[in-house]
Structure formats: structure tokens, C-alpha cells
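Biologist: Could you take one part of this model and go through it closely, in a single connected account? I would like to follow the packing of the interior and the elements that build it.

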Amino acid sequence: MTQSGISGLLNDTNTLLITEPISKEALISKLTALACKGLSEADCTDILEKVLSREAGISTTLDTGLSIPHARVEEIADFRAALAVLRTPIENPENTEMGIRVMFLFLSPSNPKFFQKHLQILAELSETFKSSFMAEIALAKNVEEVLSLIKNK
């Protein structure tokens, strides 16, 4: 997967620059709603429960401050995502020295043929969002700049 993999999942309607403090659960809920756009309310509720349940079991926050809540779900036919860059990091109980500074939520189809791409997205995220890039993206002035930085990474 090329860098266009992550950037190909993002646009100006599912990418946020959060300037006010927000809880981890509230942000996951907000990003899940963006990623679920066009699905039924019942499906979105089920998907949010899957993401929150998975995140409660195993935190997906890396030591760079990137959080990657994700789930494999039956209700979708292709990958969906949403991203938030946070001006005020979310306190991370698993690592009190590094708060959550960026959250990339993604959903992948549960069909086994999508599993390899699911793993590639995770690998691309950890490769892209290294400490130096996290510092750079934290300074973005708007969503367009966030998207440009990701696209050109």
C-alpha cells in the first residue's frame, strides 16, 4: 500500500481539527459517526459498540500519541475512516507521559479478503505517524493543511 492508502480514505468531511478538550470516548463516537455516514443508525450504533469494546480490551494508542481505534465489521463493503488532530491532547491512562494527539479511526469489512489490507493500513499508520510527523501535523492551521501533510508524507 502506498501513502495514498491513508490519504485516500480521508477528505475534508471526515477529518477534524479539534481545538476544545474532548474525552477519548466522545472523540471515538464523533469519528465513528463520520466513518459511518450513509449507514443506518442501527448499524452505526453496533459499529460504535464494537470499536469501544475493542478499545476497552486493548488500547490502540502508540507511544507517539497516535490512537488507532478500529474494527472489522460486516455492515460495510469497503474501508471507511475518520481522523482528528487534537490541539489539547487527551490524557492516556496507558501512558501518562504521552497523551493522544491524533486519532485515526478506521473500519474494515469483516470479509477475510480485506484482512491483508487491514494490516497494511495499520503498518502504514505506524510508519507515517512517527514523532517528527506528529509534531508537524500538530501545527497544522486547518483541515486542508492536515490533509496536505498526510498526502505528501
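Modeller: What follows is a walk through the nonpolar interior, with one helix and one strand taken in detail. The model is a predicted one, and every statement here should be read with that in mind.

The largest nonpolar core holds 26 residues, and the members that touch the most others are Leu83, Phe104, Leu125, Phe129, Ile137 and Ile150. Two or more residues come from each of the strands β4 (80-90) and β5 (100-109) and from each of the helices α4 (115-128), α5 (131-138) and α6 (143-151). Of these elements, α6 gives the most, with 5 residues. Apart from this core there is a second, separate one of 24 residues, whose members include Ile28, Ala35, Val51 and Leu107.

Turning to α6 itself, the buried residues are Val143, Val146, Leu147, Leu149 and Ile150. Viewed down the helix axis, the buried residues of α6 fall within an arc of 160°, and they therefore line one face of the helix. Ile150 shows what that face meets: once neighbours within four places in sequence are set aside, Ile150 is in contact with Ile6, Ser7, Leu10, Leu83, Phe129, Phe133 and Ile137. At the N-terminal end, α6 is capped by Asn142, which has a side-chain oxygen 3.2 Å from the backbone nitrogen of Glu144.

The strand β5 is mostly covered, with 10 of its 10 residues buried, and β5 is bridged to several other strands. β4 runs antiparallel to β5 and is joined to it by 7 bridges, with Ala82 standing opposite Leu105 of β5. Strand β3 (residues 70-73) runs parallel to β5 and is joined to it by 4 bridges; here His70 has Phe106 as its bridge partner in β5. Strand β2 (residues 66-67) is likewise parallel to β5, with 2 bridges between them, and Leu66 is partnered by Val102 of β5.

The cysteines deserve a separate word. The structure holds 0 disulfides. Cys36 takes part in none, although the nearest cysteine sulfur, that of Cys44, is 3.8 Å away, and a disulfide would need the two sulfur atoms within 2.5 Å. Cys44 is likewise in no disulfide, its nearest cysteine sulfur being that of Cys36. Cys36 is buried, with a relative accessible area of 1%, and Cys44 is buried too, at a relative accessible area of 18%, where the limit for a buried residue is under 20%.

Definitions and conventions: Residues are numbered from 1 along each chain as its sequence is written. This is a predicted model: local features need pLDDT of at least 70, side-chain atom pairs count only at pLDDT 80 or more; totals for chains, interfaces and linings use all residues. Side-chain values use heavy atoms; hydrogens and water are left out. A nonpolar core is a set of buried Ala, Val, Leu, Ile, Met, Phe, Trp, Tyr and Cys residues joined through side-chain atoms within 4.5 Å. Buried means under 20% relative accessible area, exposed over 50%, partly exposed in between (1.4 Å probe, protein chains only). Contact means heavy atoms within 4.5 Å. Two strands pair if DSSP finds at least two bridges between them. The arc is that of the directions from the helix axis to the C-beta atoms. A polar contact is a pair of N or O atoms within 3.5 Å; within protein, one must be able to donate a hydrogen and the other to accept it, and residues adjacent in sequence count only if both atoms are side-chain atoms.
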